[in-house]
Amino acid sequence: MVDRKTNRVITLEEYIIQGQNKFPGATGELSQLLRDIGLAAKIISREVNKAGITNILGEDGTTNVHGESVKKLDLFADKQLISALNRSEITCMVISEENDGIVELDNDGGKYIVYLDPLDGSSNIDLNVSIGSIFSIYMRKSSATDKLSKKDALQSGVEQVAAGYVLYGSSTLMTYTTGLGVSVFTLDPSIGEFILSDDDVKIPDHGTIYSVNEGSYQSWDEGLKQYVKYCQVEDPDTSRPYKARYIGSMVADVHRTLITGGIFIYPNSSQYPNGKLRLMYECNPLSFVIEQAGGMAIDGEGRILEIEPESIHQRTPIFIGSKENVMKVKEFLEEYKQETIEA
Ligand code: FDP
């Protein structure tokens, strides 16, 4: 995308500074934090792109807090992001999928708290399929002189000051929001810069793609089973049947949903009674982005962003995407829940 006034491309750095200048009195710290994440993303992107030749594919031999096997690239990404956030002394606490507890940084006075999924879609890492890094940023609640407490870490999604993701796909993209719309940047590897490729992105109100792991169909609630059947019915007036697409990396599935519209679902099931995906570093940040683009994200009943978190690695079911698609699945879930109560 080209700046109309100067007729030249806009880099992530310039864009962040332009955004900061719109707020007189802004300290520039959030801008610095976003730039730090952008820098770590470039390093991770470089490693992802040459993964097959650098002996960084495969498992590390350990399991994470969720009992999932950890890949070497997961750990590399975690390390890069945490050390980038430690550099500029504005982040006091990091919570990451790869770390059991809270990672307190050396910056006692830092005013930001960052949640990270350093490399989402781990099972796709060795297969050359799109993966991503997700981040979610909050302001510290306690004063800089107080000890960090639970209320600093456990804030609901509506309190996010910024969130976004980096997608390592056919190109590397960084998408983020600070609550003023959604911007997308594409990494130009020839100059090593993220270049603005889309500003104020809007998700279509209705889309014709549904995205869910249908292998778990038997263990879904009846309402979801009926919704998926509805998606498959032929009805040219509503552009059905919808197409099914499921990459298996949430960040990639949600990015496609942002651009084309439709819905991404990871429901509760007998295997995952509370859903599989994590509220704080997967669902909240992606819900913030999708809502800022005009879409919706719910846990089946209420807004994801309004869930009061109880623990840092908490899971939630999620239904996220175009407004009309999310409203429709909600109708089905409510209707069949009501029938179960009445039966
Ligand atoms: P993965 O297990 O590969 O790390 O974060 C969890 C996640 O990927 C999401 O990115 C993805 O959407 C989902 O799990 C895939 O789960 P299923 O294999 O159960 O479909």
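**Figure 1. Asn128 in the loop between β7 (112-120) and β8 (131-139).** The model shown here and in the views below is predicted. Asn128 is not a glycine, yet its phi is positive, at about 65 degrees. The relative accessibility of Asn128 is 77%, which means that this residue counts as exposed, the cut-off being over 50%.

**Figure 2. Glu89 and Asn107.** Glu89 belongs to the loop between α3 (72-87) and β5 (91-96). Although Glu89 is not a glycine, its phi is positive, at about 55 degrees. With a relative accessible area of 56%, Glu89 is exposed. Asn107 sits in another part of the chain, in the loop between β6 (103-104) and β7. Asn107 has a relative accessible area of 7%, under the 20% cut-off, and is therefore buried. Leaving aside residues up to four places away in sequence, Asn107 touches Leu85, Asn86, Glu89, Ile90, Thr91 and Cys92. The exposed Glu89 is thus among the residues in contact with the buried Asn107.

**Figure 3. The cis peptide bond between Arg240 and Pro241.** Omega for this bond is about 10 degrees. Pro241 is placed in the loop that runs between α5 (222-232) and β14 (243-244).

**Figure 4. The open sheet of 5 strands, ordered β14-β13-β15-β17-β16.** Pairing in this sheet is mixed. The edges are formed by β14 and β16 (296-298); each has a single partner strand, so one side of each is left without a neighbour in the sheet. At the β14 end, β13 and β14 run parallel and are joined by 2 bridges. In this pair, Tyr210 stands opposite Ala244 of β14.

**Figure 5. Strand β15 (residues 263-266) and its two paired strands, β13 and β17.** β13 (residues 209-211) runs parallel to β15, with 2 bridges between them. β17 (residues 318-321) pairs with β15 in the antiparallel sense, over 4 bridges. Phe264 of β15 appears in both pairings: Ser211 stands opposite Phe264, and so does Ile320 of β17. In a regular strand, side chains alternate between the two faces of the sheet. In β15, Ile263 and Ile265 point one way, while Phe264 and Tyr266 point the other way. These four residues are all buried.

**Figure 6. Helices α6 and α8 against the sheet.** Helix α6 (residues 250-260) lies across β13, β15 and β17, and runs at about 155 degrees to β15. Helix α8 (residues 323-342) lies across β15, β16 and β17. The angle of α8 to β17 is about 150 degrees. β15 and β17 are among the strands that α6 crosses and also among those that α8 crosses.

**Figure 7. Helix α7 (residues 279-292), a mostly covered helix.** Of the 14 residues of α7, 12 are buried. The buried residues are Leu279, Met280, Tyr281, Glu282, Cys283, Asn284, Pro285, Leu286, Ser287, Phe288, Val289 and Ile290. Gly294, just after α7, takes a positive phi of about 100 degrees.

Terms used: Residues are numbered from 1 along each chain as its sequence is written. This is a predicted model: local features need pLDDT of at least 70, side-chain atom pairs count only at pLDDT 80 or more; totals for chains, interfaces and linings use all residues. Side-chain values use heavy atoms; hydrogens and water are left out. Buried means under 20% relative accessible area, exposed over 50%, partly exposed in between (1.4 Å probe, protein chains only). Two strands pair if DSSP finds at least two bridges between them. Contact means heavy atoms within 4.5 Å. Axes are lines fitted to C-alpha atoms, for helices over the stretch in contact, and angles run from 0 to 180 degrees between N-to-C directions.
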